[in-house]
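Me: I would like to learn how to read a few features of a structural model. Please take them one at a time.

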Amino acid sequence: MNIFRLAGDTTHLISVLILLLKIYATKSCSGISLKTQALYVMVFVARYLDLFTDFISLYNSVMKVVFITSSVAIVWYMRVHPLVRRSYDKDQDTFRHYFLVAASFALALIFHDKFTFKEVLWAFSIYLEAVAILPQLVLLQRSQNVDNLTGQYVFFLGAYRAFYILNWIYRYFTEKTYTRWIPWIAGIVQSALYADFFYYYFLSWKNNSKLQLPA
């Protein structure tokens, strides 16, 4: 554990809390991609199967449970809650996310640390997380006007990945045997996907104006 890892976990948790706050307080999921949220459920379930077999620390176990349950809760709200589901932008959220699932699984079968069930699913979760934000970004570009809470949610989600990259850099220079090519490459790809959003987020903050993304 180091300050960058802690900052990454904190910003990730904040992003989830912001999204849950938006849904609970406004009873609306307008501007939120159900497909991205469904992909995150797959990411966390596939990655944290070791929750039932390996104990690392109480902190680690609690964070795994929080991310699994919160992602499932968000999908439940968007699919089942009678008020929230009415606000879902189904006609705008049309990204073919199953291609992302198929491509991520194919990569996991080819590029993994060990060819075991758990390690392949871990690699799959890393590849899928790198691109899971795509349906959300496409939805925001189509709607153009982004409400404050949705913008904050995506910002903190991107900040989480940025802090994790700093965590990897720190560990590379402080731990002699630390090399993790799969998450490194996937993390760089994921960060690149956020670049356009962060540019317009910075402009809106600088000009004190509403966040708008180009179509």
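**Helix packing and single residues**

Reply: Start with a helix pair in this predicted model. Helix α2 (residues 34-47) packs against helix α4 (residues 97-110) at an angle of about 25°, and their axes are 10 Å apart.

Me: Why are those two values quoted?

Reply: Two packed helices are described by the angle between their axes and the distance between the axes. Angles under 35 degrees count as roughly parallel, so α2 is roughly parallel to α4. The crossing of α2 and α4 is right-handed.

Me: Which residues of α2 and α4 make the contact?

Reply: From α2 come K35, L39 and M42, and from α4 come H97, L100 and V101. By class, the residues in this contact of α2 with α4 are four nonpolar, one polar and one charged.

Me: Staying in α2, is F44 buried or exposed?

Reply: Buried means under 20% relative accessible area. F44 has 3% relative accessibility and therefore counts as buried. Setting aside residues up to four places away in sequence, F44 touches H12, F67, I68 and S71. As for a distant point in the chain, T177 is 133 residues from F44 along the chain, and their C-alpha atoms are separated by 26 Å.

Me: How does a charged residue such as D9 read: buried or exposed?

Reply: The same cut-off of 20% applies. D9 lies in helix α1 (residues 3-26) and counts as buried because its relative accessibility is 6%. With neighbours within four places in sequence left aside, D9 is in contact with M1, Y59, M63, F67 and Y164.

Me: What is there to read in the backbone at K27?

Reply: K27 has a positive phi of about 50°, although it is not a glycine. K27 sits in the loop between α1 and α2. With a relative accessible area of 31%, K27 is partly exposed.

Me: Which residues does the UniProt annotation "transmembrane region" cover?

Reply: According to the unreviewed UniProt entry, that annotation covers residues 6-25, 55-77, 98-115, 121-140, 152-170 and 182-202. An annotation of this kind may be inferred rather than shown by experiment. The model can be set beside it. Residues 152-170 are 100% helix and 0% strand, with end C-alpha atoms 27 Å apart. Residues 182-202 are likewise 100% helix and 0% strand, and their end C-alpha atoms lie 30 Å apart.

Key: Residues are numbered from 1 along each chain as its sequence is written. This is a predicted model: local features need pLDDT of at least 70, side-chain atom pairs count only at pLDDT 80 or more; totals for chains, interfaces and linings use all residues. Side-chain values use heavy atoms; hydrogens and water are left out. Helices (H or I, at least four residues) and strands (E, at least two) are DSSP runs, numbered from the N terminus. Buried means under 20% relative accessible area, exposed over 50%, partly exposed in between (1.4 Å probe, protein chains only). Contact means heavy atoms within 4.5 Å. Axes are lines fitted to C-alpha atoms, for helices over the stretch in contact, and angles run from 0 to 180 degrees between N-to-C directions. Angles under 35 degrees count as roughly parallel, over 145 as roughly antiparallel, 65 to 115 as roughly perpendicular and the rest as oblique. A crossing is left-handed if the near helix is turned anticlockwise from the far one by less than a right angle, and right-handed if clockwise. Ala, Val, Leu, Ile, Met, Phe, Trp, Tyr, Cys and Pro count as nonpolar, Asp, Glu, Lys and Arg as charged, and the others, Gly among them, as polar.
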